[in-house]
Amino acid sequence: MSLGKLSNCSRCDALFVQTVRDICPKCYQEVEKEYEECYKYLRKRENRGANIHQVSEATGVSVKQITKFIKEGRISMEGSPNLGYPCESCGFIIRSGNLCDSCVRSLQHDITQQSEVDRRLEEERREKLAQAVYRRKANPGE
């Protein structure tokens, strides 16, 4: 059995012996209580149409923590048509992944443009190198 390492809780910054989780035992208990609140709220038939902001307001659990529960698979969006979480770039509500379709397209466009710029710069570098070699061959005595 390995010993844990001394670490600061990522949630409250308290010093604790880290074994499995990156949060201290006290914060872990708080997170579990928050999960139970969300779970109980969403189990009620009348709350199944709630969005993430309504769940947060009703339970007192942050949108960030609810998002974490969803991404960890602890809260299922099945049967909750309005439940989603914010895109990490623009905040638009999504149901899977980290970015909305618009941000993914924008990122892909930026990557394509950067690749084209890199390709052109490499072409220019090769042309200049070829011209320098040609000049040396054409003027061997200089």
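Helix α1 passes helix α2 in a right-handed crossing, and this crossing is a convenient place to enter the structure, which is a predicted model. The axes of α1 and α2, the latter covering residues 52-59, come within 10 Å and cross at roughly 115 degrees. On the side of α1, the contact is made by Glu-37, Cys-38, Tyr-41 and Leu-42, while α2 brings Gln-54, Val-55, Ala-58 and Thr-59 to it. Sorted by class, the residues of this contact of α1 with α2 are five nonpolar, two polar and one charged.

From α2 we can move on to its contact with α3, the helix that spans residues 63-71. Here α2 and α3 pack at an angle of about 115 degrees, with their axes 9 Å apart, and the crossing of these two helices is right-handed. The residues that make the contact are Ile-52, His-53, Val-55 and Ser-56 on α2, together with Val-63, Ile-66, Thr-67 and Ile-70 on α3. By class, the contact of α2 with α3 has five nonpolar and three polar residues, and no charged ones. Val-55 of α2 is thus named in the contact with α1 and also in the contact with α3.

Looking at α3 itself, we find that its buried residues are Gln-65, Ile-66, Thr-67, Phe-69 and Ile-70. These buried residues of α3 pack against α1, α2 and the strand β3, which covers residues 85-86. Just after α3 comes Gly-73, a residue that takes a positive phi of about 85 degrees.

The helix α3 also has a part in the largest pocket, in which about 370 Å³ of space lies. Fifteen residues line this pocket, and the closest to its centre are Arg-11, Ile-23, Val-31, Gln-65 and Lys-68. Both α1 and α3 supply at least two residues each to the lining of the largest pocket, and the largest share, four residues, comes from α3. Which classes of residue make up this lining? In the largest pocket, the lining has four nonpolar, three polar and eight charged residues.

The second largest pocket holds about 170 Å³ of space. Its lining consists of Cys-38, Tyr-39, Leu-42, Arg-43, Arg-48, Arg-74, Ile-75, Ser-76, Glu-78 and Ser-80, and these divide by class into four nonpolar, two polar and four charged residues. A careful reader may recognise Cys-38 and Leu-42 in this lining, since these residues of α1 were also named in the contact with α2.

We can end with two residues that sit in loops. Asp-13 is found in the loop between β1, at residues 5-8, and β2, and Asp-13 has a positive phi of about 70 degrees although it is not a glycine. Is Asp-13 buried or exposed? With a relative accessibility of 55%, Asp-13 counts as exposed, because the cut-off for an exposed residue is a relative accessible area over 50%.

Val-20 lies in the loop between β2, at residues 15-18, and α1, at residues 25-43. The relative accessible area of Val-20 is 74%, and so this residue is exposed as well. How far apart are Val-20 and Pro-86 in sequence and in space? Along the sequence, Val-20 and Pro-86 are 66 residues apart, and in space the distance between them, taken from C-alpha to C-alpha, is 28 Å.

Key: Residues are numbered from 1 along each chain as its sequence is written. This is a predicted model: local features need pLDDT of at least 70, side-chain atom pairs count only at pLDDT 80 or more; totals for chains, interfaces and linings use all residues. Side-chain values use heavy atoms; hydrogens and water are left out. Buried means under 20% relative accessible area, exposed over 50%, partly exposed in between (1.4 Å probe, protein chains only). On a 1 Å grid over the protein atoms alone, a cavity is a set of points where a 1.4 Å probe fits but cannot get out, and a pocket is an open set with protein on both sides within 12 Å along at least five of seven lines; lining residues have an atom within 4 Å of a point. Grid points are joined across faces, edges and corners, and a volume is the space filled by probe spheres set on the points. Ala, Val, Leu, Ile, Met, Phe, Trp, Tyr, Cys and Pro count as nonpolar, Asp, Glu, Lys and Arg as charged, and the others, Gly among them, as polar. Axes are lines fitted to C-alpha atoms, for helices over the stretch in contact, and angles run from 0 to 180 degrees between N-to-C directions. A crossing is left-handed if the near helix is turned anticlockwise from the far one by less than a right angle, and right-handed if clockwise. Contact means heavy atoms within 4.5 Å.
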